[in-house]
Amino acid sequence: MSETYTDRFLKDVLKRAKHIGIVGLSSKDTRPSFFVGRYLKLRDYKIIPVNPAYVGTEFLGEPYIGSLAELPPETDFLDIFRRSEEVLPIVVEALERLPNLRTIWMQIGVVNEEAAAMARARGVDVVMDRCPKIEYQRLFGELRRGGFNTGVISSKL
């Protein structure tokens with residue numbers, strides 16, 4: 001079952017993020033991770049693609065790195081496209097290596113309560129079973145332009 005997050009919490013998390021490491025980012029333009037990475041890059045986030053399968057290539061001008069050990073220390077947001085059972089060691093390493101980490105985001109279908117509790121105990125915000133692209137579109141008014149009822153009331157047109 002999906003956890004409940006307030007719109008204010010999600011919006012704050014997305015507003016403060018600057019450097020997003022995306023674990024499992026694919027270079028295949030038909031994969032959900034590609035759509036998310038491209039979308040976030042177009043919203044002026046600094047994207048750091050993490051996928052050992054693509055080292056030596058680039059994601060929209062950003063060089064792929066092979067591991068969390070190569071993430072720059074300014075990485076403040078980690079978006080995880082891995083199976084739930086693979087999340088714990090990723091979170092453990094991220095908490096060890098990333099001094100500016102403020103958010104761990106697990107994509108739709110990805111939930112790891114142990115990793116989430118560990119991150120929260122260190123003061124890192126956690127979002128599970130959600131997509132930052134979808135939440136950004138919903139919370140910042142982009143879905144309304146397409147006629148979707150987002151449940152967010154705004155005076156903007």
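# Questions about a predicted model

Biologist: Where is Leu60 found?
Modeller: This is a predicted model, so everything here is read from it. Leu60 is partly exposed, because its relative accessible area of 40% falls between the limits of 20% and 50%. Its place is in the loop between strand 3 and strand 4 (62–63).

Biologist: What is the phi of Leu60, a residue other than glycine?
Modeller: Most residues other than glycine have a negative phi. Leu60 takes a positive value instead, and its phi is near 50°.

Biologist: Which residue just after helix 2 takes a positive phi?
Modeller: Another positive value belongs to Asp129, in the loop between strand 7 and helix 5. Just after helix 2, a positive phi of about 70° is taken by Asp44.

Biologist: How many aromatic pairs does a search of the whole structure find?
Modeller: A pair of aromatic rings is described by the distance of the centres and the angle of the planes. Searching the whole structure gives a count of eight aromatic pairs.

Biologist: Are the rings of Tyr39 and Tyr136 stacked or edge-to-face?
Modeller: Their centres are 5.8 Å apart, within the 6.5 Å that a pair needs. Their planes stand at 75°, and because an angle over 60 degrees counts that way, the pair is edge-to-face.

Biologist: How far apart in sequence are the parts that this pair ties together?
Modeller: Tyr39 lies in helix 2 (residues 32–42), while Tyr136 lies in helix 5 (residues 132–139). The pair therefore ties together parts whose separation in sequence is 97 residues.

Biologist: Is Tyr136 buried or exposed?
Modeller: Its partner Tyr39 has a relative accessible area of 6% and is buried. Tyr136 has a relative accessible area of 14%, and because this is under 20%, Tyr136 is also buried.

Biologist: How far apart are the ring centres of Phe59 and Tyr64?
Modeller: The planes of these two rings are at 80°, so the pair is edge-to-face. Both residues are buried. Their ring centres are separated by 6.4 Å.

Biologist: Which residues form one aromatic cluster?
Modeller: Phe59 and Tyr64 both belong to this cluster. With their partners, the full membership is Phe34, Tyr54, Phe59 and Tyr64.

Biologist: Which ring does the charged end of Lys133 sit over?
Modeller: For Lys11, the charged end sits over the ring of Phe140, 5.1 Å from its centre. For Lys133, the charged end is 5.3 Å from the centre of the ring it sits over, that of Tyr39.

Biologist: What covers the buried residues of helix 2?
Modeller: The buried residues of helix 2 are Ser33, Phe34, Val36, Gly37, Tyr39 and Leu40. Their cover includes strand 1, strand 2 (46–50), strand 3 (58–59), strand 5 (77–80) and helix 5.

Biologist: Which residues touch the most other members of the largest nonpolar core?
Modeller: This core has 48 residues, and those with the most contacts to other members are Leu78 and Met106. The largest share of the core, five residues, is supplied by helix 3 (residues 87–97). To return to the names you wanted, they are Leu78 and Met106.

Biologist: Why do the buried residues of helix 4 lie on the same side, and what arc do they cover?
Modeller: In helix 4 (residues 113–121), the buried residues are Ala115, Ala116 and Ala119. They are on the same side of helix 4 because their arc around the axis is only 100°.

Biologist: Which residues are exposed on the other side of helix 4?
Modeller: The buried residues of helix 4 pack against helix 3, strand 6 (103–106) and strand 7 (125–127). Exposed on the other side are Glu114 and Ala121.

Biologist: Which residue has a side-chain oxygen that reaches the backbone nitrogen of Glu114?
Modeller: Helix 4 is followed by Gly123, with a positive phi near 85°. At the start of the helix, the oxygen that comes within 3.2 Å of the backbone nitrogen of Glu114 belongs to Asn112.

Biologist: Which side chain is joined to that of Arg138 by a polar contact?
Modeller: Arg138 is found in helix 5. Its relative accessible area is 16%, so Arg138 counts as buried. The polar contact is 2.7 Å long, and the partner is Asp7.

Biologist: How far apart in space are Lys18 and Asp44, C-alpha to C-alpha?
Modeller: Lys18 is in the loop between helix 1 (7–16) and strand 1 (19–23). In sequence, Lys18 and Asp44 are 26 residues apart. In space, their C-alpha atoms are separated by 8.2 Å.

Note on methods. Residues numbered from 1 in each chain as written. Heavy atoms only, no water. Phe/Tyr/Trp six-rings, centres within 6.5 Å; stacked < 30°, edge-to-face > 60°. Helix = DSSP H or I, 4+ residues; strand = E, 2+ residues; numbered from the N terminus. Buried < 20%, exposed > 50% of the residue type's maximum accessible area, 1.4 Å probe, protein only. Lys NZ or Arg CZ within 6 Å of the ring centre and 35° of its normal. Core = buried A, V, L, I, M, F, W, Y, C linked by side-chain atoms within 4.5 Å. Arc of directions from axis to C-beta. Contact = heavy atoms within 4.5 Å. Polar contact = N/O pair within 3.5 Å; in protein donor to acceptor, adjacent residues only side chain to side chain.
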